[in-house]
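User: I've got a structure loaded and I'd like to know what stands behind the labels people put on it. Can we go through them one by one?

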There are 2 protein chains.
Amino acid sequence: MKVSLKDLAQICGCSVTSVSRALKDSDTISKELREKVKSKAKELGYVPNLLAGSMRTGYTNTLAVILPDLRNPYFSLLAKYAEEYATSKGYSVFFMTTNEISEHEHDAVMKAMQKNVDGILLLPNQLDTQSIDIMNKMNFPYVLFGRIFDDIKADSVVVNDEMGGYLATKHLIEKGHSRILFLNSFMHIFSSQARFRGYKKALKEGGIPFNEEDVKYISTKIGDSEKIVEEIFSKENDYTAIFCYCDVIAFEAIFRLNKMGYAVPQDIAIASTDDIHSEIVLPIQLTSVGFDRAEYVKCAIDTLINNIKHAASPSKKEKEYVQKMIDVKLTIGQTT
Amino acid sequence: MKVSLKDLAQICGCSVTSVSRALKDSDTISKELREKVKSKAKELGYVPNLLAGSMRTGYTNTLAVILPDLRNPYFSLLAKYAEEYATSKGYSVFFMTTNEISEHEHDAVMKAMQKNVDGILLLPNQLDTQSIDIMNKMNFPYVLFGRIFDDIKADSVVVNDEMGGYLATKHLIEKGHSRILFLNSFMHIFSSQARFRGYKKALKEGGIPFNEEDVKYISTKIGDSEKIVEEIFSKENDYTAIFCYCDVIAFEAIFRLNKMGYAVPQDIAIASTDDIHSEIVLPIQLTSVGFDRAEYVKCAIDTLINNIKHAASPSKKEKEYVQKMIDVKLTIGQTT
DNA sequence: CTGTTAGCGCTTTCAA
DNA sequence: TTGAAAGCGCTAACAG
């Protein structure tokens, strides 16, 4: 049932090499042989074994994209663009998820390397640098995206999260809010730190004092946002606005606030980050900071592909690290 | 930099075979050698080349999951569960998307086969059966999920979409609606046909006459739902409810209706299918028909894995086709 | 224009 | 308990 080059060679009465070349339309093979081989190949349903080829060439034309999860539309949209762009560049992609668990990240990186992917696009947990250390030690092509470390030099593509935090908070302040709750994510994550800086900067510019108690650190897992909103707003408080780390946190916050009898934005205004609505129209459009996701992913993958090519090249002694940051922009929706 | 079994053999002063066996903890290798090999492997950062192994064994422990797209949360949630369950079963997964384009589906299937995946989980476009014909011809292990054909025998796992259409429509009728617009997807798709049947059945039971003009056929691409809602509700009409093919269509419908000044559910009630809210809490909870997604995907992958195992086994002459259907249940939200 | 040879890194007989 | 040899399917280097 399975046809190999060898079979074709036998049938066409030529060598395996000639068959290989004929199928690649090499000029060094006569038109006739080329036609004959190709027609036989089609007739017999020949399916090239790309893995066998990659054993020789050293390239699998496969990438691994490692993300926290595929539940959050923010990440699945990244996955969408990664799949589409990588495919257009001739790569297949393994998606692997970490659920923000160190061990999973490590396993994913190892598995990717064991399966000989040409490169890894990693959105790291930032709980440790174990998996990154491994890739460095192995001199394995990779690009960090979305999150970077202060003390690790690597090719990276991130979003201007500080600007995001700043723009969202500033917008709330301009709308007249001075008591702004910040539902942030955990501070070991790059984006949380950056948005935190942006939030503080906007407060400062607006002449609003910063209170550590106005910032809460929660996960983006289902239910966490609802829970903290329930907790805070069932007690006495004077918040009139919330800046949410990301849309899924904002979604839950709004859902819970509504359930509790608060109107958004009349009672509580909400601004956040991700602008998922620009790609998945939802019943309510959030005021949210977005960016060009297609461009972001394209940039990351281009960097990775470059990296893969350069890994083979000679002059990789003193490499210059690529460190890109994507611009953001605020879209005003119905929640402020 | 890269360490192979050969390198380890040289270092440990034994054969490649012994190294291979030692790393697999084979009983046929002395405890000492095993320990020595394993410690050297760790020390030198040995990364097994799984592809090389699979050339011999014939198995890559890799699956391909082919979906329409990763934008629609419905599909990305399937991707999430597929990735998680496949990983737990020791498989890596290639995700490929078709955007409901025949050629893309064909390319995806071919690429998957060329990369020697052990099996393919396919959510087919249903525009043609080209890619399925190829897999059949090649006797390649696959499972159809989400959508099946009347005239094609294959292992499959689908959702009880007819029941979904029935439950949603029936609920609207029980809420007192008799003029129900149905924003369906295209009728070449299994789910559209099935939900259509369910819709009609519920109407009939409710003693409501069926009008062909009450059913619109649209894509789930961004903007299509908004457009048709705009068209219909800017003209004279007597609809008091909409049954949407899926949540993303419903989301857009609600967004557009609100923009046009209609209140949901006061002016127009909305019911749909997918129940995305059960996994991604959104600002508004739709009345929607859902099902156990984790179980659904698990079932599909288990069937596929079984298929892979049986493809190798002898008695595959007269195979019984596995055809499963997952139960659905209506969740009442805030839109009816 | 075509073929021979070698080998990618592993596993799997078969032998010792 | 260990090893030698063969080979998975392909491509690349070299030869003619």
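User: What makes the pair formed by Ser18(A) and a phosphate oxygen of DNA strand C a polar contact?

Analyst: This is a predicted model, so every value here is computed. An N or O atom in the Ser18(A) side chain sits 2.6 Å from a phosphate oxygen of DNA strand C. The cut-off is 3.5 Å between N or O atoms, so the pair counts as a polar contact. Ser18(A) is also among the residues that come nearest to DNA strand C, along with Arg56(A), Leu5(B), Ser20(B) and Tyr46(B).

User: Which backbone atoms make polar contacts with DNA strand C, and what do they touch?

Analyst: One case is Asp27(A), where a backbone N or O atom is 3.3 Å from a phosphate oxygen of DNA strand C. Another is Ala52(B), with a polar backbone atom 3.0 Å from a base nitrogen of that strand. Both distances pass because the limit is 3.5 Å.

User: How do you know what part of DNA strand C faces the protein?

Analyst: Take the atoms of DNA strand C within 4 Å of the protein: 58% belong to sugar or phosphate, and the rest to bases. On the protein side, 26 residues are around the strand. They split into ten nonpolar, eleven polar and five charged.

User: Which helices build that surface near DNA strand C?

Analyst: Helix 2 (16-23) and helix 4 (50-57) of chain A, plus helix 2 (16-23) and helix 4 (50-57) of chain B, each put in at least two residues. Helix 4 of chain B gives the most, with five residues.

User: And what surrounds DNA strand D?

Analyst: There are 27 residues around DNA strand D, and the closest are Leu5(A), Tyr46(A), Ser18(B), Ser30(B) and Arg56(B). Sugar and phosphate make up 58% of the DNA strand D atoms that come within 4 Å of the protein. By class, the residues of this surface are ten nonpolar, eleven polar and six charged. Helix 4 of chain A gives the most here, with five residues.

User: Which chain A residues make polar contacts with DNA strand D, and at what distances?

Analyst: Lys24(A) has a side-chain N or O atom 2.8 Å from a phosphate oxygen of DNA strand D. For Asn49(A), a polar backbone atom is 3.3 Å from a phosphate oxygen. Arg56(A) goes to a base instead, with a polar side-chain atom 3.2 Å from a base oxygen. Each pair is within 3.5 Å, so each counts as a polar contact.

User: Why are strand 3 and strand 4 of chain A called paired?

Analyst: Pairing takes at least two bridges. Strand 3 (residues 119-122) and strand 4 of chain A have three, and they run parallel. The chain gets from strand 3 to strand 4 through helix 7 (residues 130-138) of chain A, in a right-handed β-α-β crossover. Across the pair, Leu121(A) stands opposite Val143(A) of strand 4. On its other partner, strand 4 of chain A is joined to strand 5 (residues 156-159) by two bridges, also in parallel. That number just meets the minimum of two, so this is a pair as well. One bridge partner there is Ser156(A), set against Leu144(A).

User: What makes Ala194(B) buried?

Analyst: Its relative accessible area is 1%. Buried means under 20%, so Ala194(B) qualifies. Ala194(B) sits in helix 9 (residues 190-205) of chain B.

User: And is Asp275(A) buried or exposed?

Analyst: Asp275(A) comes out at 9%, which is under 20%, so it is buried. It lies in the loop between strand 9 and strand 10 (287-290) of chain A, with phi near 50°, a positive value in a residue other than glycine.

User: Why is Asn139(B) called partly exposed?

Analyst: Asn139(B) has a relative accessible area of 44%. Buried stops under 20% and exposed starts over 50%, so 44% falls in between. Asn139(B) also has a positive phi, about 60°, without being a glycine. Its place is the loop between helix 7 (130-138) and strand 4 (142-145) of chain B.

User: How do you know which peptide bond before Pro265(A) is cis?

Analyst: The bond joining Val264(A) and Pro265(A) is cis, with omega about 10°. Pro265(A) lies in the loop between helix 11 (247-259) and strand 9 (269-273) of chain A. In chain B, the bond from Val264(B) to Pro265(B) is cis too, with omega near 10°.

Key:
Residues are numbered from 1 along each chain as its sequence is written. Chains are lettered from A and ligands numbered from 1 in the order in which they are written. This is a predicted model: local features need pLDDT of at least 70, side-chain atom pairs count only at pLDDT 80 or more; totals for chains, interfaces and linings use all residues. Side-chain values use heavy atoms; hydrogens and water are left out. A residue is near a molecule or strand if one of its heavy atoms lies within 4 Å of it. A polar contact is a pair of N or O atoms within 3.5 Å; within protein, one must be able to donate a hydrogen and the other to accept it, and residues adjacent in sequence count only if both atoms are side-chain atoms. Helices (H or I, at least four residues) and strands (E, at least two) are DSSP runs, numbered from the N terminus. Ala, Val, Leu, Ile, Met, Phe, Trp, Tyr, Cys and Pro count as nonpolar, Asp, Glu, Lys and Arg as charged, and the others, Gly among them, as polar. A crossover is right-handed if, with the strands pointing away from the viewer, the path from the first strand over the helix to the second runs clockwise. Buried means under 20% relative accessible area, exposed over 50%, partly exposed in between (1.4 Å probe, protein chains only).
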